[in-house]
Amino acid sequence: MLPSVSSQSTERRSERSPVIEVLGVTRVFAGATGEVTALHDVDVTISEGEFVSFVGPSGCGKSTLLNIIAGLLAPSSGSVLLHGQEVREPSRKVGFMFQAPVLLPWRTVERNVLLPAEVFGGDKLASTEKARAAIDLVGLAEFTRSFPHQLSGGMQQRVALARVLAYEPELVLMDEPFGSLDEFTREAMNLELFRVTDAARMTVAFVTHNIGEAVFLSDRVVVMTPRPGEVAGVIDVGLERPRDISVMHDRAFSDLVFEVRDILGGKR
Amino acid sequence: MNRTRERVGKAELVTSRPPGRRSGPWRYRLGSFALLIVLLALWEVLPRVGVVAEIILPPFSEVAVALWTLVQTDFFLEHFTVTLSEIGIGFALGTVIGFVAGVLLAISTVVNRVTYPFVVAFQAVPKIVFAPLFIAWFGFGQTSKVVMAIVISFFPVLINTKVGLENVPEESIRLMRSLRATRFQVFRKVSLPHALPIIFAGVQTALTFAVIGALVGEFVGAASGMGYLLNLYNFQLRIDRVFAVIVILAAVGAFGYFILEWIGRKLIFWRADEI
């Protein structure tokens, strides 16, 4: 069920059962010039209803970590637990949103959103209803029957968001989903994403290299540094919910941004 | 979602021309038509004024008359349907064989590794060398021509199917993997539709190849068909009729090609501009 928009207090993100536990994960890639350690001994826990961002420069292994959490990539050592069970392959309880919208161009918006439900099988009528609700939620109700090539980049990414929302995964992984959008569209999409995830109390792991975006959206920001990819620090974002764009002008917001910058700078 | 946001959403719509329509403005069509008139006029005038001998290139009007009388003869329809059915059957079977083989090569590493060298070696051989052999094996009838058409036309479908299925965007595959889709679901819902434009281009080539195959077969040895007529009139030096046969064959090829293009545009509507 997709809940209606309502405001929550900050306490809702208090200690709940962990959805994902990353335990001492290391990942080594065989490169042309020898082995490259993309991730070194990473420990992170994401609890139910929590929005956690992973922020850091290119090469800090944040996307690698997300792929490992998704079960698309195996860790070299360490393990990832999803609800206490070790992740060995992709799970249908986990939704993945990529940097590109990855829409199928021959399918309408609605049929794109229905793709996961089709793959899973099951009640068509119920999944169509959920798909419509998700499309509504991301503000594309008028474009149900449009094809991707008729939509702008921002709208395409909203379709991708609706596709994840529609099948209600317990955890959503987002790999720089708005990285290819222009600054204005990106800001609008962040507001939209905040509204949607806040309303649905979604558990999200969000990868970005934009510090402001990370602070604005998250309950916690995991700061990562490269060579090898490591967790350099974790920051609790205590900002009030719901948030709107004016939060970015608060002193507390800029303090948090500087805090992240300090941690990133300390490594260099 | 409030009113203003909705309006922004609408403005975001890319207002491109509707998909599936790509014929240029009427000016281009008029240009093509004018060019046709000029070419036909040259065809008429050059032999008449003696720039080229009429035995080499009969004037257009004579060819037109020859075409008209040829079409009305009682034997024409038989020869025409013989060749047409050879082309049709050869093209259909060649396409199916090429598609199935291309899919097998694309989805099975083992099949690909083991058989691909043979496929490439086979393609390197000019198929025309098989024509006399096929006559010896399958006789002077239609079978040898159909086989020739298949042998020439299956390859573009095979190679395009293989290449198309192997070049599906990695991200789409990753999406399906994250959904734990079965291999068949990935193939059916993502790979095949993605490859369809390339496969279809191969099918279009296959049609022209099938025409060549059928005619080459008929040249080498046949008792009927358009290739047989062409040979016959050539020996009799009835060049006007030779041209009449050529015009008919060109029309058949072009008609088939445009039919396929039309089907392709309906089928692959999402990238009608790129086929």
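User: Let's start inside chain A: is A:Arg186 buried or exposed?
Analyst: Keep in mind that this is a predicted model. The cut-off for burial is under 20% relative accessible area. A:Arg186 comes in at 8% relative accessibility, so the verdict is buried.

User: Which residue does A:Arg186 form a salt bridge with?
Analyst: The pair links distant parts of the chain, with A:Arg186 in helix H6 (residues 183–200) of chain A and its partner in helix H7 (residues 211–217), 27 residues apart. The closest N and O atoms are 2.6 Å apart, and the partner is A:Glu213. With a relative accessible area of 4%, that partner is buried too: A:Glu213.

User: There's another salt bridge in helix H6 of chain A, with A:Glu192 and A:Arg195. How many residues apart are they?
Analyst: Their closest N and O atoms are 3.4 Å apart. A:Glu192 is buried at 3% relative accessibility, while A:Arg195 is partly exposed at 26%. Along helix H6 the spacing is about one turn, that is, three residues.

User: Why is strand S7 of chain A largely enclosed by the rest of the structure?
Analyst: Look at both faces: A:Leu171, A:Leu173 and A:Asp175 are buried on one side, and A:Val172 and A:Met174 on the other. S7(A) also has parallel pairing with strand S6 (residues 94–97) over four bridges, and with strand S8 (residues 204–208) over four bridges. The strand is largely enclosed because the buried residues number five of the five.

User: Which residue in S8(A) stands opposite A:Leu173?
Analyst: On the S6 side, A:Met97 stands opposite A:Met174. For A:Leu173, the residue opposite in S8(A) is A:Ala205.

User: In the open sheet S2-S1-S4-S5 of chain A, which strands stand at the edges?
Analyst: The four strands pair in the antiparallel sense. Two bridges join strand S4 (residues 77–82) to S5(A), with A:Leu82 opposite A:Gln85. The edge strands have a single partner each, so one side of each lacks a neighbour in the sheet: S2 (34–47) and S5 (85–86).

User: On to the interface: how much area is buried between chain B and chain A?
Analyst: The contact takes 26 residues from chain B and 34 residues from chain A. Carbon and sulfur atoms give 61% of the buried area, which is about 2,900 Å².

User: Which element gives the most to the side of chain B that touches chain A?
Analyst: The elements giving two or more residues are helix H1 (3–11), helix H8 (170–178) and helix H9 (183–220) of chain B. By class, this side of chain B has 12 nonpolar, five polar and nine charged residues. With seven residues, the top contributor is H8(B).

User: How many salt bridges does the rule find across the interface?
Analyst: B:Arg180 forms one with A:Glu89, with the closest N and O atoms 3.1 Å apart. A:Glu118 and B:Lys189 also meet in a salt bridge, at 2.8 Å from N to O. Those two residues belong to a network with A:Arg107 and A:Arg111. Across the interface, the count is two.

User: Last one: what is the relative accessible area of B:Phe140?
Analyst: B:Phe140 lies in the loop between helix H6 (131–138) and helix H7 (142–166) of chain B. Among the residues that B:Phe140 touches are B:Ile135, B:Lys145 and B:Gly221. The residue is still exposed, with a relative accessible area of 56%.

Terms used: Residues are numbered from 1 along each chain as its sequence is written. Chains are lettered from A and ligands numbered from 1 in the order in which they are written. This is a predicted model: local features need pLDDT of at least 70, side-chain atom pairs count only at pLDDT 80 or more; totals for chains, interfaces and linings use all residues. Side-chain values use heavy atoms; hydrogens and water are left out. Contact means heavy atoms within 4.5 Å. Buried area is the accessible area (1.4 Å probe) that two parts lose on being put together, summed over both. A salt bridge is a side-chain nitrogen of Lys or Arg within 4 Å of a carboxyl oxygen of Asp or Glu. Ala, Val, Leu, Ile, Met, Phe, Trp, Tyr, Cys and Pro count as nonpolar, Asp, Glu, Lys and Arg as charged, and the others, Gly among them, as polar. Buried means under 20% relative accessible area, exposed over 50%, partly exposed in between (1.4 Å probe, protein chains only). Two strands pair if DSSP finds at least two bridges between them. Lists of a residue's contacts leave out its neighbours within four places in sequence.
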